Amino acid sequence: MTASVLQIKAGSSPYPVIIDEGTRKDTWNIIRNHLNGEPSSFFIITDESVGNLYLNDVLSSFPETVKVNCCTVPSGESSKSFSVYEQVMTEALEKNLDRNSMIVALGGGVIGDLAGFVAATYMRGIAFIQMPTTLLAHDSSVGGKTGINHSYGKNMIGAFHQPSLVIYDTECLKTLPEKEWRSGFAEVIKHGFIADGAFLNWISEKVDDFHSIETDVLKEMLQRSISVKADIVQLDEKEKGIRAFLNFGHTLGHAVEAESGYGKITHGEAVAKGLKFALQLSEYLFGVKIPYEPYVKKMEALGFDLTLPPGITAERLLKRMKGDKKASDGDVRFVLLKNIGEPELVKVKDEEILKVLAL
């Protein structure tokens, strides 16, 4: 079985996404084959869970002549913080990373965002590689968004910094718990809703149980989902226009995450709730009927809870949404659909949001 290779044409330097089984064990060769020049050293940033599973495989792929240092942070959303960012920066300085060093982000979305932000800001920016180990990270590892959280909101501090290479080992997904599969699958579904109804139908036919997905189906799903994002990002790298469509489901989703307390509910589970709400709001505001019910039922059959968490009021969610970085002059902007594959960015009045939240 050959690797799937996607070229992402964002920023000044296009970069490849390599998708295959067992790529972590061939990290060094993949780097040599796909990058020009050899970095002066490598700095692998991972978390405790991923490090225990896969770090040795990655390290074993490097020859002894190559300088490789490692930094392990706690697992979970709490590592996207100022304190952990400072800790990692300090370790990078202590290891004497220079401008020709390369950071490797080995882990899920949290590690990708944190390590990418370290790479973006260390000596005003050095190169880095994304090595996603979760389904959710298929989305965050491509496109160059990096950052950490603030108590006022998710990803409020960050930078656009494209990776030089993405190495995606599908074997890593086999160790994921059901909850993490759902978290990533919400982003796959999102890409179908905003761009590709045929992809939505394909997903519904091919995916009945996360742990029985065949490797070729998984690779095709990742490739098609990443392709949707790649097509948008290469047209709008810094989110000045259509890249905002990738936030479908995220406006309410981020508010649910923040109100629940980061880490209490996974990003994808929150986004899934946001997807259903955005679809309902789309129908209400545009006066259309969108054929989304089969896909919502598919999500529910896969274990998604699409209801809002108990104890969180509509007023609190609205306040969170008005403070989101996607808000504009206090107005909440939503990505809505006129139909599947027809997204539009819309300012929505407070009373309209509250009315649909109450449905």
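In this predicted model, helix 6 passes helix 10 in a left-handed crossing. The axes of helix 6, which spans residues 178-195, and helix 10, which spans residues 267-286, come within 7 Å and cross at roughly 35°. On the helix 6 side, the contact is made by Lys179, Arg182, Ser183, Ala186, Glu187, Ile189, Lys190 and Phe193. These residues meet His267, Gly268, Glu269, Val271, Ala272, Leu275 and Leu279 of helix 10. Sorted by class, the contact between helix 6 and helix 10 holds seven nonpolar, three polar and five charged residues.

**Nonpolar cores**

Nonpolar side chains tend to be buried together in soluble globular proteins. The largest nonpolar core of this model has 73 residues. Within that core, the residues that touch the most other members are Phe185, Phe193, Met221, Phe248, Met321, Phe334 and Ile353. Helix 8, formed by residues 215-233, gives the most to this core, with nine residues. A second, separate core has 22 residues, among them Val88, Ala105, Ala115 and Tyr122.

Phe193 appears both in the contact of helix 6 with helix 10 and in the list of core residues that touch the most other members. Phenylalanine 185 is also in that list. Leaving aside residues up to four places away in sequence, phenylalanine 185 touches Leu135, Ile203, Val207, Phe210, Met221, Leu302 and Phe304.

**A serine in helix 8**

Helix 8 also contains serine 225. Serine 225 has a relative accessible area of 0% and is therefore buried. With residues up to four places away in sequence not counted, serine 225 touches His138, Glu187, Val188, His191 and Phe199. Of these contacts, Glu187 also takes part in the meeting of helix 6 with helix 10.

**Cysteines**

A search of the whole structure finds zero disulfides. For cysteine 70, the closest cysteine sulfur is that of cysteine 71, and because the two sulfurs are 8.9 Å apart, they are too far for a bond. The sulfur of cysteine 172 has its closest cysteine sulfur in cysteine 70, at 15 Å, and this is likewise too far for a bond. A disulfide would require the two sulfur atoms to be within 2.5 Å. As to exposure, cysteine 70 is partly exposed at 29% relative accessibility, whereas cysteine 172 is buried at 2%.

**Positive phi values in two loops**

Most residues other than glycine have a negative phi. Asparagine 96 is not a glycine, yet has a positive phi of about 60°. Methionine 123 likewise has a positive phi, near 50°. The table sets out the two residues.

| Residue | Phi | Loop | Relative accessibility |
|---|---|---|---|
| Asparagine 96 | about 60° | between helix 3 (82-94) and strand 5 (102-107) | 57%, exposed |
| Methionine 123 | near 50° | between helix 4 (109-121) and strand 6 (127-132) | 33%, partly exposed |

**Leucine 53**

Leucine 53 lies in helix 2, which covers residues 48-60. With a relative accessibility of 46%, leucine 53 counts as partly exposed. Leucine 53 and valine 166 are separated by 113 residues in sequence, and their C-alpha atoms are 19 Å apart in space.

Note on methods. Residues numbered from 1 in each chain as written. Predicted model: local features only at pLDDT ≥ 70, side-chain atom pairs only at ≥ 80, totals over all residues. Heavy atoms only, no water. Axes fitted to C-alpha atoms, helices over the stretch in contact; angles between N-to-C directions. Helix = DSSP H or I, 4+ residues; strand = E, 2+ residues; numbered from the N terminus. Left-handed = near helix turned anticlockwise from the far one by under 90°. Contact = heavy atoms within 4.5 Å. Nonpolar A, V, L, I, M, F, W, Y, C, P; charged D, E, K, R; others polar. Core = buried A, V, L, I, M, F, W, Y, C linked by side-chain atoms within 4.5 Å. Buried < 20%, exposed > 50% of the residue type's maximum accessible area, 1.4 Å probe, protein only.
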